[in-house]
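Let's take a walk through this fold together, one element at a time. Please have a look at the structure below before reading on.

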Amino acid sequence: MNMGFDAVYYEPDVLNYQLGQMLYHKYANLPWRQIENHNRIAEMTSAHNRDFPKLKSHLIIGTRKTHRYVPNHKVSDWLVPYTSSGCRAMCLYCYLVCNYNKCAYLRLFVNREQMLDRLLKKDAVAQVPQTFEIGSNSDLLLENTITDNLRYTIERFGREARGRLTFPTKFDMVTPLLNLDHRGKTIFRMSMNPQEIISRVELGTSLLSARIHALNEMAAAGYPVGLLIAPVILLPNWKYLYGELIDRLADELSVKVIENGFIEIILMTYSFVQNAINTEAFPNAVQLLDRETMTGRGRGKYCYRNDIRGEAESFLREKLSRRLGTMPILYIS
Ligand code: SF4
């Protein structure tokens, strides 16, 4: 993706880090504006919802000060805040908007050594090897095109840890990862959606064909892999769209992915905040809030009604067992 940043906002301390210096030279042609704290940039918090795409064109650089690990029970044992939060892309349902509101722009944290040290320590003291989800706050494959952080992370973790790392992505820029000495300790998960949904909803992410190719390449490079069908969005023609997606995956995924990979399925949740921003920032975009099929789920969130979820779940399970029956479905949520 063409990042096309228009300005960098930075905490002055970042220039004391090697990564901060690298970014300073990389983006020397952009205006650099000093900020006190990446969490409080007054001109951004006071911006209008309609300015959301403009805010996304800013790059924020700071250090991560809080490192709270959240227990998790899906693919990983822990959700770990890592080297970035927010994202340059603009998926209309992006869950980060629930956390950061219109300030869901990309923030890079330059203290990566400190973050990985902490993670390795947590791994070392655990009774059994742990799996760490490092990609729940951003898309690390996209971030990697700016920072090269995955090379550092995957190789050092491979050498020093007992457990595993994992991250999901909607991007295809895997070439820099293919020859890394990963030692099978990084689980790579590719998020898939029908191309029509990628084009209309996952704005700025990679094409479906490129994602399939990237997943095949990562499996060929020896990484453990999985695919996420996520988020499932029940547009009026959803059966056709997801039926076709599963047929395409069955035809185009490599034998290695099909024989060794797993599947996660997540139905879309949506929120009042996302709806408010999308309505003003993308007035012509597809409407994701469907009051016929969705219901409130506390604190301004919406999800599909139970009967609708049930129908989607049986459709997907049935289709997947026919076309990708060797791939276990870890969960549908
Ligand atoms: S790629 Fe992921 S992090 Fe980026 S906007 Fe889309 S959902 Fe959000």
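Which elements do the buried residues of α11 pack against? In this predicted model, they pack against β11 (186-192), α10 (208-220), β13 (225-232) and α14 (306-323).

## Helix α11 and its two sides

Helix α11 covers residues 238-252, and its 15 residues reach 21 Å from the first C-alpha to the last, close to the 21 Å expected at 1.5 Å a residue. Its buried residues are Tyr242, Leu245, Ile246 and Leu249. Seen down the axis of α11, the buried residues fall within an arc of 95 degrees, so they line one face of the helix. The other side of α11 has Tyr240 and Asp251, which are exposed.

## The sheet beside it

Two of the partners of α11, β11 and β13, belong to an open sheet of 8 strands. The order is β4-β5-β9-β10-β11-β13-β14-β18, with mixed pairing. At the edges stand β4 (70-71) and β18 (329-332), each with a single partner strand, so one side of each is left without a neighbour in the sheet.

Several of the pairings can be followed strand by strand. The table lists the strands, the number of bridges and the sense in which each pair runs.

| Strand pair | Bridges | Sense |
|---|---|---|
| β9 (residues 131-133) and β10 | 3 bridges | parallel |
| β10 (residues 164-169) and β11 | 5 bridges | parallel |
| β11 and β13 | 5 bridges | parallel |
| β13 and β14 (residues 262-267) | 5 bridges | parallel |
| β14 and β18 | 3 bridges | parallel |

Individual bridge partners help to place these strands in the viewer. Glu133 has Thr166 in β10 as its bridge partner. Leu165 stands opposite Thr186 in β11, and Met192 is paired with Ile229 in β13. Further along the sheet, Gly226 stands opposite Phe262 in β14, while Glu264 faces Tyr331 in β18.

Is β11 mostly covered or mostly open? Strand β11 is mostly covered, with 7 of its 7 residues buried. In a regular strand the side chains alternate between the two faces of the sheet. In β11, one side carries Thr186, Phe188, Met190 and Met192, the other carries Ile187, Arg189 and Ser191, and all of these are buried, so both faces are covered.

## Helices α1 and α5

Now for another pair of helices. Helix α1 (residues 18-26) has Leu19, Gly20 and Leu23 as buried residues. Seen down the axis of α1, these fall within an arc of 100 degrees, so they line one face of the helix. The face turned away from that buried side carries the exposed residues Gln18 and His25. Among the elements that cover the buried residues of α1 are β3 (58-62), α5 (112-125) and α6 (140-147).

Helix α5 has 14 residues and reaches 20 Å from its first C-alpha to its last, close to the 20 Å expected at 1.5 Å a residue. Which residues of α5 are buried? They are Arg112, Met115, Leu116, Leu119 and Asp123. Their directions, seen down the axis of α5, fall within an arc of 90 degrees, so they line one face of the helix. On the other side of α5, Lys121 and Val125 are exposed. The buried residues of α5 pack against α1, β9 and α7 (149-160). Through β9, this helix meets a strand of the sheet described above.

## Ile197 and the ligand shell

Ile197 lies in helix α9 (residues 195-200). Why does Ile197 count as buried? It has 24 C-beta neighbours inside 10 Å, and 20 or more are needed for a residue to be called buried. Leaving aside neighbours within four places in sequence, Ile197 is in contact with Glu202, Ile233 and Leu241. Ile197 and Leu19 of α1 are 178 residues apart in sequence and 35 Å apart in space, C-alpha to C-alpha.

Glu202 appears again in the residues around the ligand. That shell consists of Cys87, Ala89, Met90, Cys91, Cys94, Leu96, Ser138, Asp139, Lys170, Glu202 and Thr205. By class, the shell has 6 nonpolar, 2 polar and 3 charged residues.

Conventions. Residues are numbered from 1 along each chain as its sequence is written. This is a predicted model: local features need pLDDT of at least 70, side-chain atom pairs count only at pLDDT 80 or more; totals for chains, interfaces and linings use all residues. Helices (H or I, at least four residues) and strands (E, at least two) are DSSP runs, numbered from the N terminus. The expected span of a helix is 1.5 Å times one less than its number of residues. A residue is buried if 20 or more other C-beta atoms lie within 10 Å of its own, exposed if 12 or fewer, and partly exposed in between; C-beta atoms are placed from the backbone. The arc is that of the directions from the helix axis to the C-beta atoms. Two residues are in contact if their C-beta atoms, placed from the backbone, lie within 7 Å. A residue is near a molecule or strand if its C-beta atom, placed from the backbone, lies within 6 Å of it. Ala, Val, Leu, Ile, Met, Phe, Trp, Tyr, Cys and Pro count as nonpolar, Asp, Glu, Lys and Arg as charged, and the others, Gly among them, as polar. Two strands pair if DSSP finds at least two bridges between them.
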